[in-house]
Amino acid sequence: MKAMSLNTDNHVDVHIEHAPGVEETLYPKKAKDRTMGPIPYMFMWIGDGVNLGNMTLGGSMIIAGVATLNIFQTFAAAIIAIGIISLVFTLNDRLGYRTGIPYVMQLRMSFGEKGSVISSLLRGIPAIVWYGFQSWVGGTALNEILKVFTGGAFDNIAICFVVLQLVQIVLSMYGFHAIKWVETLISVVLMVAFVYVFVLLLTNYSDVIAQKWVYTKGTWGLEFWAFIMVLMGNYAAIFLSAADYSRELKPGYGDVKRGLFYFSPIVIAYGAVIVIGAMLASATGNSNPVKALAIVFNNDFVTVFVSAFIVMGAIAVNMVANIIAPTYVIQLLTKIKYKPAVVITGLLGLCSFPWVLVQDSSSAGLATFILIYSAFLGPIVAIILVEYYILRKQKVNVVDLYKADGPFAGYNPAAITAMLIGAAAAFTLVDLAWIIGLVVGGLSYYLLTKYAFKGSKFKEGTIFENK
């Protein structure tokens with residue numbers, strides 16, 4: 001195997017002849033094998049963002065019938081969050097974009113071959129829970145459709161949940177080849193549907209929405225910054241594994257263009273669903289968007305129409321955000337092929353009990369779940385960025401990442417310790433968990449690498465190699 005270091009913006013095909021213990025799906029993706037151009041890539045993020053989970057976050061601002069943030073504070077929080085999301089995406093996708101390696105292999109650079117198991121699970125487990133949650137939301141919508149067609153004779157969300165999960169398992173076996181076309185179609189159709197919902201809400205519920213959300217006093221205090229953290233935390237798992245997506249994007253796009261590939265679609269998607277989520281919760285008092293939509297429409301034909309797109313939205317977001325990453329983690333741990341790993345991921349999603357996170361009266365459980373797991377993801381993304389940009393100055397011997405007995409074998413105690421320190425700091429103020437974990441984790445990793453664990457082989461190739 002030929003060693004290779006990278007310090008340019010150009011894509012380079014990295015050749016791995018044989019890597020014991022690594023399934024071939026996780027080998028670097030060559031330029032000729034990449035399937036995503038810029039348009040499908042952006043539609044993929046619209047399809048990911050336009051979903052009932054994100055809409056539920058908009059509804060989470062409405063507590064006891066009154067919004068914690070008004071419309072201006074909501075938009076300000078969203079723009080700040082999306083700007084940071086796009087920046088982190090662009091910074092963290094660069095190694096995967098240049099070399100074609102997935103996130104689980106990128107982790108070895110900082111955490112080591114064995115240490116990456118822990119950090120990859122902290123990405124995979126939240127994705128599986130989200131997988132189950134989105135499927136449950138879609139199953140709820142599918143149940144509404146079947147209730148209409150059977151005149152109320154059928155009413156079983158559990159069966160619909162299982163059926164939808166099985167359908168997604170089959171679709172996900174085709175990987176990014178299916179994502180490319182499914183996401184483009186679904187994202188366009190969903191945006192049209194949500195424009196219709198917006199107009200309907202504005203026509204029939206404008207007074208109550210204005211009273212409970214638009215003109216409420218709100219706050220620019222802790223709740224405002226906590227909402228930013230929730231919005232960022234919602235993407236924390238996805239931009240952590242940015243390499244899983246950028247390795248599918250065709251070569252030739254610089255950092256600014258790739259940043260726009262994230263910012264533009266996320267603004268469109270997040271903006272639409274957060275606004276509609278807040279409007280629905282204000283109008284109906286119900287934080288579950290599926291049931292709130294049923295109350296607003298109260299018409300069998302329209303209920304079927306909207307519920308069908310809810311089902312499609314659940315499939316769209318799962319195919320992008322919640323299947324690929326945990327599947328790669330399962331492959332890393334078990335060494336099995338892609339398709340069996342996809343099946344295992346889907347079965348685990350069935351066991352995630354998503355209905356516990358969101359009740360009819362409140363979706364606070366979902367927001368709390370995001371804040372808790374993002375406390376760990378903030379430190380991990382900081383460690384990766386510090387490693388790549390500061391300690392290694394973007395020079396990485398990619399082939400070494402695939403060697404079981406190479407310089408990245410074992411685990412890096414500095415990375416593990418910094419992750420735990422960052423997470424512990426994040427839990428001191430869970431409402432700001434992600435940003436606290438990011439800052440403390442990144443700073444801790446730099447200092448630990450410089451001053452602690454003398455003789456650690458993970459200093460090799462860094463700016464501290466000879467110190």
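Buried area is the accessible area, taken with a 1.4 Å probe, that two parts lose on being put together, summed over both. With that in hand, welcome to the meeting of two domains: about 4300 Å² is buried between domain 1 and domain 2. This is a predicted model, in which local features need pLDDT of at least 70 and side-chain atom pairs count only at pLDDT 80 or more, while totals for chains, interfaces and linings use all residues. Residues are numbered from 1 along each chain as its sequence is written, and side-chain values use heavy atoms, with hydrogens and water left out.

**Layout**
- Domain 1 covers 39-358 and domain 2 covers 359-466, with bounds from an automatic or database domain assignment.
- The centres of the two domains, taken over C-alpha atoms, lie 25 Å apart.

**Interface**
- Contact (heavy atoms within 4.5 Å) links 56 residues of domain 1 with 44 residues of domain 2.
- Carbon and sulfur atoms give 71% of the buried area.
- On the domain 1 side, Met109, Phe111 and Met229 lose the most area to domain 2, together 16% of what that side buries.

**Salt bridges**
- The rule finds zero salt bridges across the interface of domain 1 and domain 2; a salt bridge needs a side-chain nitrogen of Lys or Arg within 4 Å of a carboxyl oxygen of Asp or Glu.

**Elements on the domain 1 side**
- Elements giving two or more residues to the side that touches domain 2 include α3 (71-92), α6 (108-149) and α9 (222-240); helices are DSSP runs of H or I with at least four residues, numbered from the N terminus.
- The largest share of this side, 16 residues, comes from α6.
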